[in-house]
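Visitor: Could you walk me through this structure with a few questions and answers?

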Amino acid sequence: MTTAYDFTLPGLEGGTINLNDYRGRPLLIVNTASKCGFTPQYEGLQAIWCQFKKAGLVVIGVPSNDFGKQEPGTASEIADFCHRNYGVSFPMAARGSVKGANAIPLFQWLNKECGFLGRPRWNFYKYLINRSGQPAAWFSSLTPPTSPRVRDAIERTLLNG
């Protein structure tokens with residue numbers, strides 16, 4: 001059976017993000033963009049990362065230019081923007097496609113596992129992965145990362161796997 005831990009992502013600032021390094025830890029994977037109305041959610045993602053990382057949660061941002069061409073920058077421009085404006089310190093992947101036939105393998109898997117309704121329709125879709133590496137919940141762009149729904153799901157996943 002395939003799990004989220006079976007995937008790797010090129011890192012935004014070089015290297016590789018090997019999700020197997022986080023085996024047994026819940027993941028919050030988010031497709032991001034720097035020029036979107038939802039971009040301020042970076043602040044909430046950073047807050048979630050700071051609040052729950054000691055408990056084991058890993059937040060991973062995956063910049064994508066798929067929706068409204070709202071992530072047009074180079075890797076260094078994206079990294080500078082995230083650090084300067086939102087203090088992002090969680091792992092960020094290199095820009096990649098998250099929808100359709102050109103989606104990166106992790107998002108092809110998420111799209112299959114989460115079904116039609118769970119496929120990202122815009123920037124800042126959030127995918128909570130449990131300790132077994134399977135999707136536990138997903139949240140649309142409209143659901144802020146600091147909302148009670150997301151926090152409760154994270155806390156349940158941290159407690160129950």
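The questions below concern a predicted model.

Visitor: Which residues have the most contacts inside the largest nonpolar core?

Guide: The largest nonpolar core has 49 residues, and β3 (27-32), α1 (41-52), β4, α2, α3, β5 and α4 (148-160) each supply at least two of them. Those with the most contacts inside this core are Leu27 and Phe107.

Visitor: Which residues does Phe107 touch, leaving aside those up to four places away in sequence?

Guide: Phe107 is one of the two residues named for having the most contacts inside the largest nonpolar core. When residues up to four places away in sequence are not counted, the residues that Phe107 touches are Ile29, Asn31, Val62, Val98, Pro120 and Tyr127.

Visitor: Is Asn111 buried or exposed?

Guide: Asn111 has its place in helix α3, which covers residues 105-118, and, not counting residues up to four places away in sequence, it touches Val98, Lys99, Ala103, Arg119 and Pro120. The cut-off for a buried residue is under 20% relative accessible area. Because the relative accessibility of Asn111 is 8%, Asn111 counts as buried.

Visitor: How far apart are the closest N and O atoms of Asp6 and Arg23?

Guide: Side chains of opposite charge can pair when their charged atoms come close. The structure holds two salt bridges, and one of them joins Asp6 to Arg23. This pair links distant parts of the chain, with Asp6 in the segment before β1 (8-10) and Arg23 in the loop between β2 (16-18) and β3, 17 residues apart. The closest N and O atoms of the two are separated by 3.8 Å.

Visitor: Which residue meets Glu113 in a salt bridge?

Guide: Glu113 counts as partly exposed, at 35% relative accessibility, while its partner is exposed, with a relative accessible area of 60%. The N to O distance in this salt bridge is 3.2 Å, and the side chain that meets Glu113 is that of Lys112.

Visitor: What is the phi of Phe124 near?

Guide: Most residues other than glycine have a negative phi. Phe124 lies in the loop between α3 and β5 (126-129), where it is buried, with a relative accessible area of 0%. Its phi is a positive value in a residue other than glycine, near 70 degrees.

Visitor: How much accessible area do Phe116, Leu117 and Trp138 have together?

Guide: Trp138 has its place in strand β6 (residues 135-139) and is partly exposed, with a relative accessible area of 30%. Together with Phe116 and Leu117, Trp138 forms a nonpolar patch on the surface, whose accessible area is about 350 Å².

Methods
Residues numbered from 1 in each chain as written. Predicted model: local features only at pLDDT ≥ 70, side-chain atom pairs only at ≥ 80, totals over all residues. Heavy atoms only, no water. Helix = DSSP H or I, 4+ residues; strand = E, 2+ residues; numbered from the N terminus. Buried < 20%, exposed > 50% of the residue type's maximum accessible area, 1.4 Å probe, protein only. Contact = heavy atoms within 4.5 Å. Patch = residues over 30% accessible without salt bridge, like charges linked within 9 Å, V, L, I, M, F, W, Y side chains within 5 Å. Areas by Shrake-Rupley, 256 points an atom, 1.4 Å probe, with all protein chains shown as cover. Salt bridge = Lys/Arg side-chain N within 4 Å of Asp/Glu carboxyl O. Core = buried A, V, L, I, M, F, W, Y, C linked by side-chain atoms within 4.5 Å.
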